Amino acid sequence: MLKDNLYAELMEDLHPNRPRVEILGDSRVIVENHCGIQEDDDSILRVRCRGCEVRILGADLELTALSMDELAVIGVISSVEYITTE
């Protein structure tokens, strides 16, 4: 039973339509399964995802990697917000 629950949780975490946000300390954020960038400057990065927006706030923010489904930003991260749009 426990093994089935763990498998179900793992499959939900890997769902391709859900964003996955990884925060590494206060200096790096990785967003997977994004749909594009809405705003990008040195103090804010707004990332569109399916059904939500991920907002990264800080100072000296710099986009260091960008692909069709993953991006990485470095800088002095002060907050990461998850805003539901649907």
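Trainee: Why is Glu 22 called partly exposed?

Mentor: Its relative accessibility is 29%. Buried means under 20% relative accessible area, exposed means over 50%, and partly exposed is in between (1.4 Å probe, protein chains only). So 29% puts Glu 22 in the partly exposed class. One caution before we go on: this is a predicted model, where local features need pLDDT of at least 70, side-chain atom pairs count only at pLDDT 80 or more, and totals for chains, interfaces and linings use all residues. Residues are numbered from 1 along each chain as its sequence is written, and side-chain values use heavy atoms, with hydrogens and water left out.

Trainee: What makes Glu 22 and Arg 20 a salt bridge?

Mentor: The rule wants a side-chain nitrogen of Lys or Arg within 4 Å of a carboxyl oxygen of Asp or Glu. Here the N to O distance is 3.6 Å, so the pair passes. Arg 20 is also partly exposed, at 37%. By this rule the count comes to six salt bridges.

Trainee: How do you know that Arg 46 has salt bridges to Glu 39 and Glu 53?

Mentor: Check each distance against that rule. The closest N and O atoms are 3.3 Å apart for Glu 39 and Arg 46, and 3.1 Å apart for Arg 46 and Glu 53. Both values fit within 4 Å, so both pairs count. Salt bridges that share partners join Glu 39, Arg 46, Glu 53, Arg 55 and Glu 81 into one network.

Trainee: Which of Glu 39, Arg 46 and Glu 53 are buried, and which are partly exposed?

Mentor: Glu 53 is at 7%, so that one is buried. Glu 39, at 30%, is partly exposed, and so is Arg 46, at 22%.

Trainee: On to the cysteines. Why is there no disulfide between Cys 52 and Cys 49?

Mentor: A disulfide is a covalent bond between the sulfur atoms of two cysteines. The test is a pair of cysteine sulfur atoms within 2.5 Å. The sulfur of Cys 52 is 4.4 Å from the one in Cys 49, its closest cysteine sulfur, so that is too far for a bond. Cys 35 fails too, because its closest cysteine sulfur, also in Cys 49, is 6.2 Å away. A search of the whole structure finds zero disulfides.

Trainee: Are Cys 52 and Cys 35 buried or exposed?

Mentor: Cys 52 has 2% relative accessibility, so it counts as buried. Cys 35 has 30%, which means partly exposed.

Trainee: What makes Asn 33 stand out?

Mentor: Asn 33 has a positive phi of about 65° although it is not a glycine. Asn 33 is in the loop between β2 (28–32) and β3 (34–40); helices (H or I, at least four residues) and strands (E, at least two) are DSSP runs, numbered from the N terminus. Asn 33 is buried, because its relative accessibility is 17%.

Trainee: And what does the side chain of Asn 33 reach?

Mentor: The backbone oxygen of Arg 18, at 2.7 Å.

Trainee: Where is Asp 60, and why is it called exposed?

Mentor: Asp 60 lies in strand β5 (residues 52–66). At 57% relative accessibility it is over 50%, so it counts as exposed. Asp 60 has a positive phi too, about 55°, and is not a glycine.

Trainee: How many helices and strands does the protein chain have?

Mentor: One helix and six strands, in the pattern α-β-β-β-β-β-β along the sequence.

Notes. A polar contact is a pair of N or O atoms within 3.5 Å; within protein, one must be able to donate a hydrogen and the other to accept it, and residues adjacent in sequence count only if both atoms are side-chain atoms.
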